[in-house]
Amino acid sequence: TMHKAITKKLLGKKRFGFSPFSKELPPIVADSTAYIEKTGLKEQGIFRLGGKEKDVKYIVEQYTKGKRVDFTKYQNVHTATSVLKQFLSNLPDSILTSELLECFLLSVDQENDSSIQALKLVVQQLPVGNRIVLDSISRLLVNI
């Protein structure tokens, strides 16, 4: 129907369970960040070093199929960080969105208290799904 076609065009294809309009954290983000927080906060080069390519590919395929993965089976925090990075790089648009990217850059370019206020305003303009993912990743990075 026309309604389904318009909805699909507006919402786009969900990737890894992510939709900008979803109020739920995508499982790939929830699972990878939980594993990283549990096992890798003190790891040197946590986001610089890559995980086992074969494992990363398999895990990403599983999430693409809507299946969840137990990261403890892989016992490698770099695999979890690689999966998270791949999720972010494979999104159709930046988590900050191309429309708001310049606003983000302008808000952090300031060196005063208004920078924080400006940043909060820009974050509020993000679609809810993007805000949820950004919040989860920000919380992880604050703990590293």
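**Entry 1: helix α7**

I started with α7, where Gly129, Asn130, Val133, Leu134, Ser136, Ile137 and Leu140 are buried. Buried means under 20% relative accessible area, exposed means over 50%, and partly exposed lies in between (1.4 Å probe, protein chains only). These buried residues cover an arc of only 160° around the axis, so they sit on the same side of α7. The arc is taken from the directions that run from the helix axis to the C-beta atoms.

I noted that this is a predicted model, where local features need pLDDT of at least 70 and side-chain atom pairs count only at pLDDT 80 or more, while totals for chains, interfaces and linings use all residues. Residues are numbered from 1 along each chain as its sequence is written, and side-chain values use heavy atoms, with hydrogens and water left out.

Helices here are DSSP runs (H or I, at least four residues), as are strands (E, at least two), numbered from the N terminus. I then turned α7 round: the face away from its buried side carries the exposed residues Arg139 and Val142. What covers the buried residues of α7? The cover includes α2, α4 and α6 (113-125).

I also checked the length of α7. Its 16 residues should span 22 Å at 1.5 Å a residue, and its end C-alpha atoms are 23 Å apart, which agrees. The expected span is 1.5 Å times one less than the number of residues.

**Entry 2: the core**

Next I looked up the largest nonpolar core, which has 27 residues. Such a core is a set of buried Ala, Val, Leu, Ile, Met, Phe, Trp, Tyr and Cys residues joined through side-chain atoms within 4.5 Å. Ile36, Phe71, Val83, Phe87 and Val133 have the most contacts inside this core. At least two core residues come from each of α2 (27-39), α3 (53-64), α4 (77-89) and α7 (128-143). Which helix gives the most? It is α4, with five residues.

I picked Val133 for a closer look. Beyond four places in sequence, Val133 touches Phe18, Leu25, Pro26, Val29, Phe87, Leu88 and Ile95. Contact means heavy atoms within 4.5 Å.

**Entry 3: two residues of α4 and one loop residue**

His78 is in helix α4. Is His78 buried or exposed? It counts as buried, at 9% relative accessibility. A polar contact of 3.3 Å joins the side chains of His78 and Glu43. A polar contact is a pair of N or O atoms within 3.5 Å; within protein, one must be able to donate a hydrogen and the other to accept it, and residues adjacent in sequence count only if both atoms are side-chain atoms.

Lys85 is also in α4, and counts as partly exposed at 32%. Outside its neighbours within four places in sequence, Lys85 contacts Phe47 and Leu49.

Phe47 lies in the loop between α2 and α3. Phe47 is partly exposed, at 25% relative accessibility.

**Entry 4: aromatic rings**

I counted three aromatic pairs. Rings of Phe, Tyr and Trp (its six-membered ring) pair if their centres lie within 6.5 Å; planes under 30 degrees apart count as stacked, over 60 as edge-to-face and the rest as tilted. Tyr35 and Phe71 are stacked, 6.0 Å centre to centre with 25° between the planes. Tyr35 is in α2 and Phe71 in the loop between α3 and α4, 36 residues apart. Tyr35 and Phe71 are both buried. The rings of Tyr63 and Phe71 have centres 6.4 Å apart and planes at 25°, so this pair is stacked too. Ring pairs link Tyr35, Tyr63 and Phe71 into a cluster.
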